[in-house]
Amino acid sequence: MPTQASTGAQQEPRSLRGTRTLSKNTVAGEASSGRTLSKKTAIDPVDLGTAGNFAILSKSGVSTTPGSDVCGNVGTSPIAATALTGFSLTPTTAGDAKFSSSAMVTGNLYGASHAAPTPAMLSASVSAMEAAYTDAAGRADPNKKVELFAGSFPATAVLEPGVYKWSSVVTVPVGGTVTFNGSSTDQWIMQIAGNLAIGTNANILLTNGAKAENIFWAVAGDIAVGVDAHAEGIFLTYTMIAMKTGSSLNGALYAQTAVTLDAATINACGNNAAIEAPQTINEDQGDLTGWNQDITGPAIYETESFYEKKSRGQKRGDLYAPQSGNSFVVIPSGCQTNRISKSFTGNEGGTISGWAAFDADDYVPYNDVAVVKVLQGNEILFYEDISSVGNWGSTPWTAFSFTFPSGGGTFTLEASCTNTKDCKLTSFLLLDGVQYSDKKS
């Protein structure tokens, strides 16, 4: 399902299982022991662009063993979806599908062999990943901390916000603890010219409001997170990432070669995570559970494609394919205004989005109308009528979105199609990919 206001398609996550924050220990306030390093410095965050829509993104594939748990989307490009191994994908091959799913992933899995528009979306996201790595690895800062601990962290260390740089390998020892201490807006960039090795049972922790989404590990070599170790942050590597048995991460994995998971947990959906995955509003896959249906005449129905022969023979209708999943909703105009609606809570900065199209089987002056709008201010997201598309005219799929204002609140999304002046000829509103996304924090 699309997750942005423009017509460019993006990721299509399924609903979240719930917010999760992972760590082996609860950290409150200042660390009680160890060494505190660096002065606070205000630095700009690294822009992930559309790569930020993924929990895991790679160029050479993602593999897993049973027992892994990923909250967020998984993607690989330019390699085919067959490089997503161990996930027991559904469907198992890309074919006409735009993405696959897995019981191990709360989100969708994308490969370059999936159907359009997935290949273009992935290509753009990989480019954004590469740009983010280049930015983070090359970021200048007059207060940059260079060669801290000569790359070998002690058993306990606390890092204040700032840019850190190492010319070789960086290691966190077995059982070691590194705590990032700062506010929810503070930033950390870790520039590592060699490998990053986080030892067995090591723990990367956050304190005083620090967020994983504001910690960027730009690593020229490999990244290895050890057995039962826990990490925080956005991993950007020029090579590969290995999450070993029982390891976990709050954040995201971006690798310019491969990613391997061994019964690992990747959480890109929690309060301290890189992204908030959108939630569908159950109009897809032929499910209108929870929607109000104010319909008379022809019933609402869902279909894998829609090819309406114009009843007056003036024109044959367009072939519409689903923009997400295998189906979409078709709302006929009938003899009156037919509508569906659904109420939901929208948080400040959150976005409702989806796709709509209008297929008219009438002519002026019988000016049938299709509308999609948000109620609590009557914001119109999509509006088409016969006078705008022409007699027996139609539109392509059109993306719509609405960002919720300060304070948020309860809103209603309403989609309707009206037959004006007569009941003889029916026009259609098509609706697909409706979802709500919280603001990226």
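## Warm-up and exercises

E414 is buried, with a relative accessible area of just 12%. Here, buried means under 20%, exposed over 50% and partly exposed in between (1.4 Å probe, protein chains only). We're working with a predicted model, where local features need pLDDT of at least 70, side-chain atom pairs count only at pLDDT 80 or more, and totals for chains, interfaces and linings use all residues. Residues are numbered from 1 along each chain as its sequence is written, and side-chain values use heavy atoms, with hydrogens and water left out.

**Exercise 1.** Find the partner that E414 meets in a salt bridge, and say where the two sit.

*Solution.*
- Start with the rule: a salt bridge puts a side-chain nitrogen of Lys or Arg within 4 Å of a carboxyl oxygen of Asp or Glu.
- The side chain of E414 meets that of R339, at 3.6 Å from N to O.
- R339 sits in strand β28 (residues 337–346) and E414 in strand β33 (residues 409–418), so the pair links distant parts of the chain, 75 residues apart. Strands (E, at least two residues) and helices (H or I, at least four) are DSSP runs, numbered from the N terminus.
- R339 is partly exposed, at 25% relative accessibility.
- Now widen the view: D294, R339 and E414 are linked in a network of salt bridges.

**Exercise 2.** Check the span of helix α1 against its number of residues, then work out where its buried residues lie.

*Solution.*
- The expected span is 1.5 Å times one less than the number of residues.
- Helix α1 (residues 118–138) has 21 residues, so it should span 30 Å; its end C-alpha atoms are 30 Å apart, which agrees.
- Its buried residues include M121, L122, S125 and M129.
- Down the axis, the buried residues fall within an arc of 160 degrees (taken from the directions from the axis to the C-beta atoms), so they line one face.
- On the other side, A120, T134 and G138 are exposed.

**Exercise 3.** What does the salt bridge between E130 and K59 tie together?

*Solution.*
- The two side chains meet at 2.6 Å, N to O.
- E130 lies in helix α1 and K59 in the loop between β2 (54–58) and β3 (62–64), so the pair ties together parts 71 residues apart in sequence.
- E130 is partly exposed, at 25%, and K59 counts as partly exposed at 24%.

**Exercise 4.** Name the edge strands of the open sheet β6-β3-β22-β20-β18-β15-β12.

*Solution.*
- Two strands pair if DSSP finds at least two bridges between them.
- The sheet has 7 strands, with parallel pairing.
- β6 (84–85) and β12 (170–172) stand at the edges with a single partner each, so one side of each has no neighbour in the sheet.
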